[in-house]
Amino acid sequence: MKVCVVGTGYVGLTTGVSLAFLGHEVTCVDLDQHKVDMLRAGKCPIYEPGMEELLAEAAPNLSFTTDYDEGVPGADVVFVAVQTPSAADGSPDLRFLRSAAESVAQSLDHDFTVVVNKSTVPIGSGNWVDAILRESFAQRADRPAGVEFAVASNPEFLREGNAIADTLYPDRIVIGSDNPRSLEVLNRLYRPIINQTFTPPTFLARPEDATAVPLVSTDLASAELIKYAANAFLALKISYVNEIGQLAAKVGADITEVARGMGLDQRIGSRFLQPGVGWGGSCFGKDTKALVATASEYNLEMPIVKAAREVNQRQRAIAVERLQDELRILKGRKIGLLGLAFKPNTDDLRDSPSLDIANLLLARGARVRLHDPVAGERFRREQPELAPYLSETLDGVFDDCDAVVLVTEWAQYLELDWSKFVGLMRNPLVLDGRHALDAERMRRLGFKYVAVAG
C-alpha cells in the first residue's frame, strides 16, 4: 500500500520506517529540512536503539520530504503524527494538528484515503479533524472529482527505547473509525503484523512466544479514550507503588519485596510496579493532564488520576528530602546525578525527574554534577541553564562528592565497577532513585546505600 506519514518524531518515524520495512511504499513528510536531510542520509535524529539499522533495511521503500505534494497524492493511508503539547490549562495544543490536516487536504487526490490520527489527541478530535479536512478540501479551486476520504484513530503504545519491538510485536493494535471502509483498509495495512507473517529484522528476532496480534476495531471515540485510559492506568500503578513505598519506609518493610509479592498476583502483574523517583517523558504527564481536562469539560472529576499526578511530582522532592536527612545540610554539598533522560535507552528529557531534582538541589544551595551516557548533547541544547553542571566523565561526578543519586537506571550505571569510585568521594553515599542497585553489594564496597523508599 502507499502510505504517507506526517511528522518524524518518535511515533511518526517509528511508524513510517516499520511500515516501509514491511513492504509498504512510505513517504515521510516533515517541515524541518535539517531533519529530512539527516534521514535521507540514513542518520536518525532521535536516539532509539535499532532505528538506523531499520532505516537501512527499509530504505528501498522509504523516502523523506518537506513537501506534502510528494507524500499525500495517491496515498491509501495518511498518518498524522505531529506533536500535541500541553496548553496552560492541561488540554492538548492542537495547532500543529490543525495545520497538518489543512495541508493534507490541499494534496488529497485519491479515490479513497484514510487519514489517521496517530498523535495522542483528546476524545472527539477525529470528528474535529474530519471537519477541518472537509472544509479545507472544499475550498480548493483545483479539487479533483471522485476524491473520498475518512478519518480514523490508531493510537500508539510505544515505549521509547523499545519502539521498534512495540511496533512489530505489539500487545494489540487499536483502530477506530465510524467508516467501515477505513477499518478495512487499516486491517489490510496491518495484516503482516496481526498475523506475524513478515520476516523479522536482522537485529530484532521475533519473540519466541509471539502469536497473532489482537486487533481492537472500534469507533473513533472509543479508540481515542483507550489510549488515554491505558496511559493513565500505567501512571497510576507507578504512583501507587511509590506511595506504598513511603509507607514501607515508615514501617520498616522492603518495598522491592512488597512490589514483587504484589506483582506475582496475575490480576495485578509485575510491570510498572518498580518504585523510584517517578515517571517522566512526554506521555504520562501530558496524557493524564489531558484526561483531567477532558473530564472537566463534562463536569466530571478525576480524583484518582489527579492523585497519581500529585504522588509522582512529590517523589522528586522526596529524593531531595532523603539526601537532606542523610547529609543534614545541603548548602555547599556536591551532589552527583546519574542519568538525565527520563528513562534508559532514550535521549528524551521531557519531564525528566533529573531536571526537577537538580533544580531543587540548586535552590537549596547544593553544587550539582550531572551525567548521562547518551543525552548529553541534547541536554546542552535544551537545558542551557543546567548545561554548565554537566560532566563528560564519571570521575567528574564522583570526585570529592558528598552523595551520588542514581536517577536513570542505564545499564552503564548498573554494570559500573563501583569499587573504582568509592575512594573518590568525600562521603560515599549513594541514593538509589530506582531501587536498581544491589544494596548489600554496595555496602560491601564501602558505600552507604539509601533508597528513595527506604
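**Note on a predicted model: cores, cavity and selected residues**

1. Phe398 touches Leu338, Val404, Leu416, Trp418, Phe421, Leu424 and Met425, leaving aside residues up to four places away in sequence. The model in which these contacts occur is a predicted one. Phe398 is also named, together with Leu361, as having the most contacts inside the largest nonpolar core, a set of 51 residues. Helix α12 (residues 303–327) gives the most to this core, contributing five residues.

2. A further core, of 43 residues, lies apart from the one that holds Phe398. Among its members are Val17, Leu22, Tyr169 and Phe198. As general background, nonpolar side chains tend to be buried together in soluble globular proteins.

3. Ser354 belongs to helix α13, which spans residues 353–363. Is Ser354 buried or exposed? Its relative accessible area is 1%, and Ser354 is therefore classed as buried, the cut-off being under 20%. A polar atom of the Ser354 side chain lies 2.3 Å from the backbone oxygen of Gly339. Gly339 also appears among the residues that Ser354 touches, along with Leu337, Leu340 and Val407, when residues up to four places away in sequence are not counted.

4. Two residues in the loop between β9 and α13 deserve attention for their backbone angles. Asn345 is placed in this loop, which follows β9 (334–338), and has a phi near 65 degrees, a positive value in a residue other than glycine. Asp351 is found in the loop between β9 and α13, and its phi is positive as well, at about 55 degrees, although Asp351 is not a glycine. By way of background, most residues other than glycine have a negative phi.

5. The accessibility of these two loop residues can be stated briefly. Asn345 has a relative accessible area of 34% and is partly exposed. Asp351 counts as partly exposed, at 34% relative accessibility. The reason for this class is that partly exposed covers values between the limits of 20% and 50%.

6. At helix α2 (residues 33–40), the N-terminal end is capped by Asp32. A side-chain oxygen of Asp32 lies 3.0 Å from the backbone nitrogen of His34. Just after α2 comes Gly42, which takes a positive phi of about 80 degrees.

7. How many cavities of 30 Å³ or more does a search of the whole structure find? The search finds one. The volume of the largest cavity is about 40 Å³. Its lining is formed by Asn117, Ser119, Thr120, Val121, Ser153, Pro155, Ala223, Glu224 and Lys227. These lining residues divide into three nonpolar, four polar and two charged. Helix α9 supplies the largest share of the lining, with three residues.

8. Helix α9, which contributes to the cavity lining, spans residues 220–251 and contains Ser222. Ser222 has a relative accessible area of 29% and is partly exposed. Which class applies follows from the cut-offs, because a residue is buried under 20% and exposed over 50%. Ser222 and Gly176 are 46 residues apart in sequence, while their C-alpha atoms are 7.0 Å apart in space.

Key. Residues are numbered from 1 along each chain as its sequence is written. This is a predicted model: local features need pLDDT of at least 70, side-chain atom pairs count only at pLDDT 80 or more; totals for chains, interfaces and linings use all residues. Side-chain values use heavy atoms; hydrogens and water are left out. Helices (H or I, at least four residues) and strands (E, at least two) are DSSP runs, numbered from the N terminus. Buried means under 20% relative accessible area, exposed over 50%, partly exposed in between (1.4 Å probe, protein chains only). A polar contact is a pair of N or O atoms within 3.5 Å; within protein, one must be able to donate a hydrogen and the other to accept it, and residues adjacent in sequence count only if both atoms are side-chain atoms. Contact means heavy atoms within 4.5 Å. A nonpolar core is a set of buried Ala, Val, Leu, Ile, Met, Phe, Trp, Tyr and Cys residues joined through side-chain atoms within 4.5 Å. On a 1 Å grid over the protein atoms alone, a cavity is a set of points where a 1.4 Å probe fits but cannot get out, and a pocket is an open set with protein on both sides within 12 Å along at least five of seven lines; lining residues have an atom within 4 Å of a point. Grid points are joined across faces, edges and corners, and a volume is the space filled by probe spheres set on the points. Ala, Val, Leu, Ile, Met, Phe, Trp, Tyr, Cys and Pro count as nonpolar, Asp, Glu, Lys and Arg as charged, and the others, Gly among them, as polar.
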